[in-house]
Structures are given as structure tokens and as C-alpha cells.
Amino acid sequence: MTPHGARAGENAEDLDVEEVLALVKNTNGNHLPDPTARGGTDGARVPHRPDPPDRPDTRHRATPWAEARALAERAGRDAARAARRAPVSALFDTALGLTLAAPLDALTDLPSFDTSAMDGWAVCGPAPWRVREEGVLAGHAAPAPLTDGEAVRIATGARIPPDATAVLRSEHGRTDDKGRLYATRDVVPGQDIRPRGQECRTGDQLLAVGTLVTPAVLGLAAAAGYDTVTAVPRARAEVLVLGDELLTQGLPRDGLIRDALGPMLPPWLRALGAEVTAVRRIRDDADALHRAVTTSDADVILTTGGTAAGPLDHVHPTLSRIGAELLVDGVEVRPGHPMLLARITQTQHLVGLPGNPLAAVSGLLTLAEPLLRSLAARPAPEPYTMPLRDAVHGHPHDTRLVPVVLRGDEAVPLHYNGPAMLRGIAAADALAVVQPGGARPGQETELIDLPWASGGIGVCFT
């Protein structure tokens, strides 16, 4: 099994967190656009680029799965470069999941004074020691110095009295009938004392630019004297749920079905580092979709359904109408092959998800995840593999994404993995990336972690 985690030492083509962060400037945004940049001037609609007359129409040629993910990641980097968004000073309760846009340098020594690592006695010189009546507690002012042969009760985290030799743990000391303190084992000078600056000195770099803000990062920042962290702002995402057949409550009836994507996508997008600005429900009406897309100020618009070529599938005509550039028009993956990615402006993209729930999850992880990750300057997860416990039937030509649970050193494929089914993914830890032709039992297979499996709901869903 190949272990998984955050990538380190990527080359610039695969992941360039520093490059993306360099584009996050503390500025009012008055930058001239690069006239050579793909897609026109900053904020302008991207002109539609038809195929030359001597070439066949390739708009519906599906993109290989891995290539589609790379294109989405690159699109996010390009958008971050064009946007030049100013860093944000984020309070701790809003910073989880952001990426540091400035180094976290220590504002103080840690610890900032000599402190006791244990409950016990601060002692001076050799035993026996006479014990002061008043002890030393955490949070109190500096205690009086000790003299040779003297001890004082001390709590964990309390300031060490000047001239103390060591801290004797409570369980390693005893007193006689005259109140004198003895050690039940050898006392080494400096034991159980955390000296000032043991962890860091003022000005030391604790964490570098590009570090993902986790609960531990917030704790370290607080200990080092910070009240906020400087971070890359979240990308703004808007969800457009398309369709006349969707109910928002109650049981399915009269040919209508419950909307599963409206409740599912916003928290998933937040787990991917986005700020969800709106979830709008759009009827099967081309003009309504056009208004929704052209009035959105989100960095990423996600639509559900309508990506095929039926009479009520309005996504492609809308993108053509506004002059968007199709970067991905169909992906060689099952479920979810009708997904698409379009550049509307240099700084705005649309991800078209299929309407079937598991197919939409496939589109989310194939196109939206790398796009949003690049916009947020998050590090890419390290690819890893595990052997499959059971065989998985493959598509003849396309990659398959199959829900699995992790049991020991094996990935167990789950049933209920059809395009319209959520039962399998709801129980899953990851998705197995099954190559065309399928996989045999025991075959090492790449896995994509799901947010609740890789980091925990409380960590990822911010």
C-alpha cells in the first residue's frame, strides 16, 4: 500500500502553490491585464473559438479523466493569476481550511518563560528540602527565588522560581514527619523544566506560505501570539440546480423526484475550500439560465443537469450564447461522462455537473475539486493506492469511479454504484479509480479520499 498525504516537492507544472500565492497581492487590484493571456482582458467575456473550416467539429470529443483533472487544475491557477486577490486577515473561527498567504513567524519565545512541565516541587540544590508553605500556580506572577535546600509546590505550566535546580514530580517525592522532602529517584538538573524558547524564539518561522490551516495550525498561531492569520481568500461558488421535476421536501410524487444535489453540494464545496454564496433553483428555461449565469459574481458556477443535448438541456446553448470557452466537454469516465468545464471570463468558470447524483459527485471530484483547490492554493493530495478485495467490472474505454470502504489494507468495492444512486457513496471512505477493462481482486488501485474520511467532518466542513 502506498501511503497518502500532502504532496511535497512538486514541480511547477504539477503544483505551484508558491506561484499561486505570489499572485495574491495586498493591493487594490489596479493591475493591467496581460494582453497575451488566454481568454482576453481581465473580466471580459471569452470569445467563442470555432474550429477552423478544415478541421472537424471536436466540441464533443471526451477528454481522458486524468487530463480533465489537469486541465481543471491549470484553469484554477490561471484564474488565480488573473484575479490577483488580496489576502484576507482571517479570525480563527473562519480560517479553518484556508491556505497561509504569509509565513507564520513567532511573535514571542515559546515558552515565553521557564515553566514547569509537571505537577510537583521546584527544588534547589540537593535533598532533603524544606518546603515553602505557599505554592506556585500557573498564571501567577514570578515567584521569589529559591535558596539552596528549599523547595516549593508547583503546578504544570507555572513559572519556575529563579535559582531552581529541577522539578521533582509529585509521584517521585516523599516527606518525613518533620515535613522535609526527599526524592525517591535521582534528580537530574533541569529535569521537567521547559526552558524559555525551547520550542521557538521570537522571529522563527513556524509555518511556511502555502500551509493548510488545520486545527493544530490555529492552536500554534494562538500560542505564538496571533489573533488572526493571513490567508488566501476562499473562492466563491454558486450552485444552480436545474430542472422542473425536483421537489425540495416530502416524498416523490406524480413524476417528481426529490432534489438530492441541492442539499449535498454546498457542504461538499465548503469541504473543498469554497465559500458558497448562493444555491438557486432554475426551471427548465433557457432565458432563466442565461440570466442566472450572466448575473452571477461567483468565481465558480456549478450547474446540475442539462449538460447533454436534449430539448431541455440548456447549458451548452447558454455557454455558446455568452461566448464562453469550453475547456472540457465530456470526460472519459463513468459515471458522469457528460460533465463539462467552461471559462466564462479570465476569472470565472462554470462546471456543468450531470443531473444523476453519483454522476454529479464524479463531476465534482473530477473538475470542481482541482479547480477550487488551485484557486485556494491548497496542496494537491498525494496519490495513493490500495489493493481491491473484490473484482470490479470496468468500462471498455472509460475510467470508472467506484465507491469503496477501507478495511485494513484493502479497499472493498460497494454495491449501489449506478449513476443515479447515492447509497454506495454515502457509506464510502473513498472512490477507486478503475482503469478501462476493470480490476481483479488484489490489484493495486488509485483511491480518491472523501472529505469526511481524510480529515473528519469537523475539520473539512468549515
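Select Ser89 first, and look across to strand β13, where Thr230 stands opposite this serine. The model on screen is a predicted one, and this pair is a convenient place to enter it. Widen the selection to strand β2 (residues 88–91) and β13, and you will find them running antiparallel, joined by 4 bridges.

Now keep β13 (residues 228–231) alone and show its side chains, which alternate along the strand: Val229 and Ala231 point to one face and are buried, while Thr228 and Thr230 point to the other and are not. In a regular strand the side chains alternate between the two faces of the sheet.

Next, select strand β14 (residues 235–242). Why can this strand be described as largely enclosed by the rest of the structure? The reason is burial, because 7 of the 8 residues of β14 are buried. For its partners, add strand β17 (residues 274–282), which runs parallel to β14 and is joined to it by 8 bridges; within this pairing, Val241 has Arg281 of β17 as its bridge partner. Then add strand β18 (residues 300–304), also parallel to β14 and joined to it by 5 bridges, where the bridge partner of Leu240 is Thr303.

Stay on Thr303, which lies in strand β18. Is this residue buried or exposed? Thr303 has a relative accessible area of 1%, and therefore counts as buried. If you display its surroundings and leave aside neighbours within four places in sequence, the residues in contact with Thr303 are Leu240, Leu242, Leu289, Val315, Leu350, Val351, Gly352 and Leu353.

From here, turn to the largest nonpolar core, which has 48 residues, and colour Trp268, Leu269, Leu302, Leu341 and Val351, the members that touch the most others. Helix α8 (residues 357–375) is the element that gives the most to this core, contributing 10 residues. In soluble globular proteins, nonpolar side chains tend to be buried together. Centre the view on Leu341, whose contacts, not counting residues up to four places away in sequence, are Ala72, Ala75, Glu325, Leu326, Leu327, Val328, His349, Leu350, Val351, Leu367 and Leu371. Another core, of 18 residues, lies apart from the one just visited, and Cys200, Leu218, Tyr226 and Val229 are among its members.

The next stop concerns internal space. How many cavities of 30 Å³ or more does the structure hold? There are 2 of them, and the largest has a volume of about 50 Å³. To outline the largest cavity, select Leu242, Ile282, Arg283, Asp284, Asp285, Leu289, Gly306, Leu312 and His314; by class, this lining comprises 4 nonpolar, 2 polar and 3 charged residues.

For the second largest cavity, with a volume of about 30 Å³, select Ala79, Ala83, Arg85, Asp299, Thr347 and Leu375. Its lining divides into 3 nonpolar residues, 1 polar residue and 2 charged residues.

Finally, clear the selection and return to the whole chain, whose secondary structure comes to 11 helices and 27 strands. Of its 462 residues, 46% count as buried. Among contacts between residues at least 6 apart in sequence, 71% join residues that are at least 24 apart.

How values were computed: Residues numbered from 1 in each chain as written. Predicted model: local features only at pLDDT ≥ 70, side-chain atom pairs only at ≥ 80, totals over all residues. Heavy atoms only, no water. 1 Å grid on protein atoms, 1.4 Å probe; cavity = no way out; pocket = protein on both sides within 12 Å on 5 of 7 lines; lining within 4 Å. Points joined across faces, edges and corners; volume = space filled by probe spheres on them. Nonpolar A, V, L, I, M, F, W, Y, C, P; charged D, E, K, R; others polar. Core = buried A, V, L, I, M, F, W, Y, C linked by side-chain atoms within 4.5 Å. Buried < 20%, exposed > 50% of the residue type's maximum accessible area, 1.4 Å probe, protein only. Helix = DSSP H or I, 4+ residues; strand = E, 2+ residues; numbered from the N terminus. Contact = heavy atoms within 4.5 Å. Pairing = 2+ DSSP bridges.
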